[in-house]
Amino acid sequence: MIENVPALLIVLPILVATLPLLVGLRYERVGWTVAALTTTAAFAMALWLALVIFTTGEAVIHQLGGFPRPIGIELVADRLSAPFVVLATGISMGVLAYTRRGGPRGNSFYSAYLLLLGGLLGLSLTGDVFNMFVFLEITGLTTYALIAKGKSGESAIAALKYLIIGTVGASMYLIGVGFLFVATGTLNMIDLATAIPQQAGYGNPLILTAFAFVFVGFAIKIALFPLHTWQPDAYQRAPDGATPLIAALVSTVSAYALFRLVYTVFTVEFLVSIPHASEIVVTVGSISVLAGSALAVMQRRVKRMLAYSSVSQFGLVVLAYGLMNDTALLGALVHLIGHAIMKGGLFLAVGTIAAGTGARTVKEYAGLAKRMPFMAGSLAVLGLALVGVPPSIGFLGKWFIAVGAIEAGIWPVAVVVLLSTMLTLGYIARLLERMYFTPAPTRGGAPEGSLATDGSGNDPTPGAVSAGMLGVTVLAALLAVALGFSGGAFDSLLGPFIEVILNG
Amino acid sequence: MSPVDLLTSVPPAVPIVLAALVVAVVPRTAGYAVGALATIYLFAVSLLTPPGEYLSVLFLGFDAQLFVADDFSRLLGLGFGFLGTAAVAYAASSGLPRTTLAFVLSYIASVAGVIFAGDWLTLLFFWELMAVTSTVVVWAYGGDAVRAGFRYAIAHGTGGVLLIWAVAWHYVETGSLALEGGIAPGAPALLAVLGIGVNCAFIGLHTWLPDTYKRPHIAASVFLSVFTTKSSAYVLYQAFPDGHLYIAYMGGLMAVYGATFALLQHDMRALLSYHIQAQLGYIVAGIGIGSAIGITGAMAHLFNNILFKALLFMAVGVIIYRTGEEDLYELGGLWREMPLTALGYLFGALSITAIPGFNGFISKGMILDAADPHYYGAPEYEALYWLLMAGAVGTLLSFVKLGYYAFLHGPATTDVRDAKPGQTAGMLSVGLVCLGVGVFWPAFVDILPFSSGLDLHPYSPGHLTDSALLVAVSLIGFAIIRKPLSALGHVPDVDRILNPLVFYTGRVSMLAITGTFAAVDRGGVAFVRACYWVGNNPVLAVGRVTRRLPAWLVGEHSPADGGSRASSDRRFDGGESPREPTQTASEPSRLYLRTTIGGTIMLIVLALTVVLFVLVFL
């Protein structure tokens, strides 16, 4: 029974995605209900799957159609993928609490929503590099659709931009997979791990080229500087209800996939034996940390600022991939999960605030603490967690990465990691200062920017904020703090896996 | 521990500074007692400390000698200590506020630091401190004195900086900060002579002197007239122990210049101030000659000048104190009303004009002998000798004038009282010392430096004849010029040119500096803002650049950017361009898409190339 759960997790959302459109012909607002039921079921299954994996310690492997490995496609749920499956289903379920009132409305949105969930779960669970490309495309295409759900022309532009750039990224990944297949004759991840050194050798130009294509392709998908250009537009122009999902999951699962490819397919021996391989990873990450933070500080619009913040935070994660020690890798995974929760929560808060007050720029956040104390509080808590103030999941991740950088003895990187905390404070402090220490402008003239078209067309109307919107945001803030005490738990859950990939 | 050990255990400046702090807080009477004790301490230290080096400390890697006693410093210390005590008594009854006395004591402390300094670093430190504290003494009076104090501060600040440069350059050239041997020749010497020249009131650098000293409290003027100029003359000797012809002639010219301008003054304290310059001229001339008798004469005149110049400021101060009148021509016949003050003035005037029997006769005679080519001097000092003689005539004339108009001319217009007891005590004690030095001159000569080998005959018939001749010439001269002199109005000094010059130079350079700074600042801010704008609006930036490119380079671009040049200049990140009509707000420009997407694809290719290159080829 349990070995079918991975397949079910992928198939269920994709199949159900047709229902809102079909049933919607008869019942107008059925989409949310269908999505809610499906995500809840998926979340329950994900929890069960994770429970089985962590109690038995064995990976759950599903062979599609019963074909064994060299020919058939495998779905693998192991210690690494289980947390991300839980994360994806959980956040999908949580964001629905926002979209019920906050929108966007319409059955087609929920179809795309469920398709996206299916794509993300597929990315997390697949054990086959070509199959991963398929799910990458599913994820990408549905993301384009979600961004385009914004009502303004800019949303369409942002979606088009992501469509072109994202497809280039996925195609580069596909080219990389092609090189791997040419070199080894297999597409299965576990087979590749042994086939690369045995049949081609790490130094084989085909393998090196494959690594370059895969890394650059995923750098686009993860939105690392300077390949991030699609991302701020996409996050800003997407509807307020879709941004949390996209920001929390799409890049996160892509980063997970990169981790999977680097450490399961290419393995740590590749990074060690090939000169400059790990240096490239660390350098790209470090540049992204600094540039992303600098760009974030410069922004006037809160959503765009948080988008650039993601460029910086994912830089931190990728940087940790290149450090190749257990502390740094644990930090990378913890920060990946933590960032999803924090950034999702932040975008939920931003959306709720926009719905309640129409405030979208940093300037307009003046005096927000008085007008929306819970949202301002959640924003403050999540922001400080992102900075890395203990106790919070953000602190855990940054702490492990910093310790890992110091253990690795690469001092410039350690400095970058510590600097990233300060730079994060640079843009979070702007928000805090506005919300808590700048008095609200006097009511008289409409605040500047309230007429600005931001793409989602959310006008502040009374009753625009529901208890669900408030509740899920506060829940994210609480979760970010509560998980700050889970350092030991993460270590015991993920530690054995990291031990295996580092030491064979 | 013997008393001498106790006295030499701290730099002389320290107890005086402590006294200044005490004076600032205790009641006035107690404060004046403490002030008198502090000046008596300075006298005692100078009297009791045997020559030698005490208190050497390591400061910033330099060996700073805080307390070196020799013949020079002891002589100056005795003069400053004695005069200081008399002046404190004078000030006590002249109503000098307690806080001003505290500033005065800190001023005296810095002067003590200068004269007992054993190296240039320590000397510089106290030299700058002296400039600061004396400025504060001027400022403390308020009113007119504040603006004059600023001019004073500018002059002494400039002089101080010049001396710092001189010492720094000297250190670079010689590698030593010891006082021995003076300042290195060349640029350091030039800087030093200018820097010290400000304090010594060289012609052209002297405008601060008559400008400042006539303005503060009468008792403050007494202190100011003594310390800065005299200690600076001593520093001039330390910088140029062998003298210099130019310095000697500068001294001669100062004597004539100062005496001439003194003669032209109406304001009594301004008259006395110009005489500071004139008498410094004799001292500078003696230092410039550089022979043993020249330096001995200079130091003797320096010591005597401390006494009689302060005495004259005291007497004039009493007149101002009692009558409230500063203008000489408004006074007259005061000898009947103020006989004690007149006596004090007489002692001072007889001393400064070098009448036999008084101290000025002894010291001025030594300097004249040093310059006289028929005596100790050399042929090149012939002109100097006559300059100094002319200065002596001018001095006589102006003090005859001052005495005549203040005490003799006509009946007293007002009914005034004489000097108060403290003022009288101060004046008469100093006056008696002036007389004593003139009479018991061999004892005085014994404490002068380089005096052992000198064979002096001040009361020789030749000297007395010269003196009588000078007096006769002056009295006849005064009778002739008295009328035209009183008809003469204010005669402008170089300050008429110098003050506006300094002011506008300062203003223009200040504006130039702040203007340059503001321009650089504006440029920097504009640059950062431009980068910021380009970062936020990359598409617009590209659009503006491409529109400026020549057509042959980019081809026909008007259809490519959406057919409208204006539409490419729109903000797409916010849609808030005020210039754009609403119907086109959501219509994108192709340029925007081409730039962002094309640019990113280019970056992707670039990144891939770099990664491939690094992995495969490095």
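Okay, so start in the loop between helix H16 (373-387) and helix H17 (393-408) of chain A, because that is where A:Pro391 is found. A cis peptide bond joins A:Pro390 to A:Pro391, with omega at about -5 degrees. This is a predicted model, by the way, so these angles are computed from it.

There's another cis bond in chain A, between A:Phe225 and A:Pro226, and there omega comes out at about 0 degrees. A:Pro226 is in the loop between H9 and helix H10 (230-237) of chain A.

Stay in that loop for a second. A:Ala223 lies there too, between H9 and H10 of chain A. Its phi is near 70 degrees, which is a positive value in a residue other than glycine. Is A:Ala223 buried or exposed? It counts as buried, because it has 30 C-beta neighbours inside 10 Å, and the cut-off for buried is 20 or more.

Now, H9 of chain A also matters for the next bit, the contact between the chains. Chain A puts in 30 residues and chain B puts in 25 residues. On the chain A side, helix H7 (153-184), helix H9 (205-222) and helix H12 (277-298) each supply at least two residues. Which of the helices gives the most to that side? That's H9(A), with nine residues. As for the chemistry, the chain A side divides into 22 nonpolar residues, six polar and two charged.

Over to chain B. You're looking at 24 helices and two strands. Chain B has 618 residues, and 50% of them count as buried. If you take contacts in chain B between residues at least 6 apart in sequence, 79% of those join residues at least 24 apart.

One helix I'd like to pull out is H12(B), residues 268-289. How far apart are its end C-alpha atoms? They are 32 Å apart, and that agrees with the span you'd expect, because 22 residues at 1.5 Å a residue should also give 32 Å. H12(B) is mostly covered, with 22 of its 22 residues buried. Then just after H12(B) you hit B:Gly290, which takes a positive phi of about 80 degrees.

Next up, a helix pair. Two packed helices are described by the angle between their axes and the distance between the axes. The pair here is H13(B), residues 292-323, and H15(B), residues 339-352: the axes come within 9 Å and cross at roughly 145 degrees. The crossing of H13(B) and H15(B) is left-handed.

If you want to click on side chains, the H13(B) residues in this contact include B:Asn304, B:Phe308, B:Leu311 and B:Leu312. From H15(B), they include B:Thr341, B:Gly344, B:Tyr345 and B:Phe347. Taken together, the residues of this contact split into ten nonpolar, five polar and no charged.

Last stop: follow chain B past H15. In the loop between H15 and helix H16 (359-371) of chain B you find B:Ala354. B:Ala354 has a positive phi of about 65 degrees although it is not a glycine. And why does B:Ala354 count as buried? Because it has 28 C-beta neighbours inside 10 Å, where 20 or more is the cut-off.

That's my tour, happy to rotate things if anyone wants a look.

Terms used: Residues numbered from 1 in each chain as written. Chains lettered and ligands numbered in written order. Axes fitted to C-alpha atoms, helices over the stretch in contact; angles between N-to-C directions. Helix = DSSP H or I, 4+ residues; strand = E, 2+ residues; numbered from the N terminus. Left-handed = near helix turned anticlockwise from the far one by under 90°. Contact = placed C-beta atoms within 7 Å. Nonpolar A, V, L, I, M, F, W, Y, C, P; charged D, E, K, R; others polar. Buried ≥ 20, exposed ≤ 12 C-beta atoms within 10 Å, placed from the backbone. Expected span 1.5 Å × (residues − 1).
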